[in-house]
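Please look through the sequence and the structure below before reading on. The paragraphs that follow start from a single residue and widen out to the whole chain.

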Amino acid sequence: MKMYPTKIMVAVDGSAASDRAITQAVELCDATGSELHLLLVGLISPWTHPDTLSERQYDRLKQENQRRLDQEVEKARAGGAKAVVAHLRMGRVDTEVVRLAEEIEVGLLVVGNRGRESLARVLLGHDSESIVRHAPCSVMVVR
């Protein structure tokens with residue numbers, strides 16, 4: 001059994017709480033030698049099925065979210081992260097967070113306690129419960 005996780009993933013969204021989660025995760029990675037993974041989920045409205053978006057609309061949404069993710073990676077690097085692996089997913093936040101955590105075998109998932117847009121929902125209702133219940137690893141909520 002390993003004492004510390006080898007991979008730490010932060011669900012990011014550009015909020016102040018997300019920034020604090022990045023800071024905590026960078027410090028943990030530095031102390032434990034863990035890999036840092038950042039995930040931004042481009043929220044597709046629960047009222048809009050992704051198939052109803054045109055390819056052009058979907059691509060534009062994905063590009064906007066990629067720019068946001070690039071900014072989050074820069075924040076992590078500015079905070080001292082030596083290496084950052086960035087992931088962009090499109091869809092429901094809870095589903096994509098759990099899915100990626102399983103795929104890359106994350107040891108610790110770090111999230112902010114409040115966010116903007118998607119993570120605000122995650123930590124204030126059904127999505128947060130879903131992540132905590134279904135995450136394949138420990139979940140740390142940063143205030």
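**From one buried side chain to the whole fold**

Asp 94 has a relative accessibility of 4%, and because buried means under 20%, this residue counts as buried. The coordinates behind that value, like all others here, belong to a predicted model. Asp 94 sits in helix H3, which covers residues 93-103, and its side chain makes a polar contact of 3.1 Å with the side chain of Ser 130. Asp 94 shares its buried state with other residues of H3, namely Val 93, Glu 96, Val 97, Val 98, Leu 100 and Ala 101. After H3 comes Glu 105, with a positive phi near 55°.

Stepping back from H3, the chain as a whole contains five helices and five strands, and read from the N terminus these elements follow the order β-α-β-α-β-α-β-α-α-β. The chain has 143 residues, of which 44% count as buried. Among contacts in the chain with a separation of 6 or more, 79% are between residues 24 or more positions apart.

How are the five strands ordered in the sheet? They form an open sheet with parallel pairing, and the order across it is S3-S2-S1-S4-S5. At the edges lie strand S3 (84-91) and strand S5 (138-142), each of which pairs on one side only, and from one strand to the next the twist averages 25°. As background, strands of a sheet pair through backbone hydrogen bonds, in either a parallel or an antiparallel arrangement.

Two of the pairings can be followed in more detail. Strand S4, residues 108-112, pairs with S5 in the parallel sense over five bridges, and within this pairing Leu 109 has Val 139 of S5 as its bridge partner. Elsewhere in the sheet, S2 and S3 run parallel and are joined by eight bridges, with His 37 having Val 85 of S3 as its bridge partner. Although S3 is an edge strand, six of its eight residues are buried, so S3 is largely enclosed by the rest of the structure.

His 37 is a useful residue to examine further. It is located in strand S2, and with a relative accessibility of 5% it counts as buried, because that value falls under 20%. Which side chains make polar contacts with the side chain of His 37? One is that of Glu 35, at 2.9 Å, and another is that of His 87, at 2.8 Å. Leaving aside residues up to four places away in sequence, His 37 touches Lys 7, Ile 8, Met 9, Val 10, Val 85, His 87 and Ile 104.

The helices can now be placed against this sheet. Helix H1 (residues 16-32) lies across strand S1 (7-11), strand S2 (35-43), S4 and S5, and it runs at about 175° to S1. Helix H2, residues 55-78, also packs on the sheet, where it touches S2 and S3, and its direction makes about 150° with that of S3.

The length of H1 can be checked against expectation: at 1.5 Å a residue its 17 residues should span 24 Å, and its end C-alpha atoms are 24 Å apart, so the two values agree. The buried residues of H1 are Ala 17, Ser 18, Ala 21, Ile 22, Ala 25, Val 26 and Cys 29, and these residues pack against S1, S2, H2, S4 and S5. Just after H1, Gly 33 has a positive phi of about 75°.

Gln 24 is also in helix H1, but is it buried, partly exposed or exposed? Its relative accessibility is 32%, and because this lies between the 20% and 50% limits, Gln 24 counts as partly exposed. Not counting residues up to four places away in sequence, Gln 24 touches Met 140 and Val 142. The C-alpha atoms of Gln 24 and Val 10 are separated by 9.5 Å, with the two residues 14 residues apart along the chain.

A last point concerns how far the prediction can be relied on. The average pLDDT of the chain is 86, and 83% of the residues score at least 70. Over residues 120-125, however, pLDDT stays under 50, and for this stretch the model has 14 contacts beyond four places in sequence. Where pLDDT is low, the predicted coordinates should not be read in detail.

Conventions. Residues numbered from 1 in each chain as written. Predicted model: local features only at pLDDT ≥ 70, side-chain atom pairs only at ≥ 80, totals over all residues. Heavy atoms only, no water. Pairing = 2+ DSSP bridges. Helix = DSSP H or I, 4+ residues; strand = E, 2+ residues; numbered from the N terminus. Axes fitted to C-alpha atoms, helices over the stretch in contact; angles between N-to-C directions. Contact = heavy atoms within 4.5 Å. Expected span 1.5 Å × (residues − 1). Buried < 20%, exposed > 50% of the residue type's maximum accessible area, 1.4 Å probe, protein only. Polar contact = N/O pair within 3.5 Å; in protein donor to acceptor, adjacent residues only side chain to side chain. pLDDT = per-residue confidence, 0-100.
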